[in-house]
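Colleague: I have not looked at this one before, so could you walk me through it?
Modeller: Gladly; here it is.
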Amino acid sequence: MPRKVPAAVVFLSAVLLAPVQAWAHAHLERAVPDGRKAVASPSEIRLDFSEGLVLPFSHLSVAAADGHAAPLEDAVLAGQGKTLVAPFKGKLEAGLYEVQWEVLSTDGHKTSGSYRFTVAP
Ligand SMILES: [Cu+2]
C-alpha cells in the first residue's frame, strides 16, 4: 500500500517553495534616475538588480516620447555584477523618456520591465 502524504504537507511545500523561486530572478531594486521627479539631463542610466547579471544578455534602451532612441554607450556591469550602467552619449533635451530593460540573471532567468522619467526644461 502506498504511503499517503498528508495534503497539508503538500500544500505547505508548494507555498514555501514558490516564493524562493520568484526571489531568485533579477528584480529591479533601484533606478537612477528613478522617475519620481523631473531631473536635469542624466549622464547615465543606472539599474540595481537583486541578482548578478550576465552582461551579453542584459540590455537597456531609452526612447524619447517621439519614439527616437537616445544614444547610449555600451552598458557595463558595476556593483558586484548586479548593476547595469549605460552612459548617455550626449545631453538629453527636456521631455519624457522611457527606459526599457531586459536582463539575464546568473541563475539563467530573464526578466524585463520599463519605467519613465522626465528631464526638466
Ligand atoms: Cu531566477
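Colleague: Which residues are the protein donors of the copper ion?
Modeller: Bear in mind that this is a predicted model. In it, the copper ion has H25 (ND1), D107 (OD) and H109 (ND1) as its protein donors, and they lie 2.0 to 2.4 Å from the ion.
Colleague: And how are those donor residues spaced in sequence?
Modeller: The spacing of the donor residues is H-x81-D-x1-H. H25 and H109 link distant parts of the chain, being 84 residues apart: H25 is in the loop between α1 (7-23) and β1 (28-32), while H109 is in the loop between β6 (95-104) and β7 (110-119).
Colleague: What does H109 count as, in terms of accessibility?
Modeller: H109 counts as partly exposed, because its relative accessibility is 32%, which falls between the limits of 20% for buried and 50% for exposed.
Colleague: What about S105, buried or exposed?
Modeller: S105, whose place is in the loop between β6 and β7, counts as buried because its relative accessibility is 0%. In space S105 is 4.3 Å from L53, C-alpha to C-alpha, although the two are 52 residues apart in sequence.
Colleague: Changing topic, in what order do the strands of the open sheet come?
Modeller: The open sheet is formed by 3 strands in the order β3-β6-β7, with antiparallel pairing. Its edge strands, each pairing on one side only, are β3 (59-64) and β7, and neighbouring strands of the sheet are turned by 15° against each other on average, direction ignored.
Colleague: How many bridges join β3 to β6?
Modeller: There are 6 bridges joining these two antiparallel strands, β3 and β6, and L60 stands opposite W101 in β6.

Notes. Residues numbered from 1 in each chain as written. Predicted model: local features only at pLDDT ≥ 70, side-chain atom pairs only at ≥ 80, totals over all residues. Heavy atoms only, no water. Donors = N, O, S within 2.8 Å, 3.2 Å for Na, K, Ca; no water. Helix = DSSP H or I, 4+ residues; strand = E, 2+ residues; numbered from the N terminus. Buried < 20%, exposed > 50% of the residue type's maximum accessible area, 1.4 Å probe, protein only. Pairing = 2+ DSSP bridges. Axes fitted to C-alpha atoms, helices over the stretch in contact; angles between N-to-C directions.
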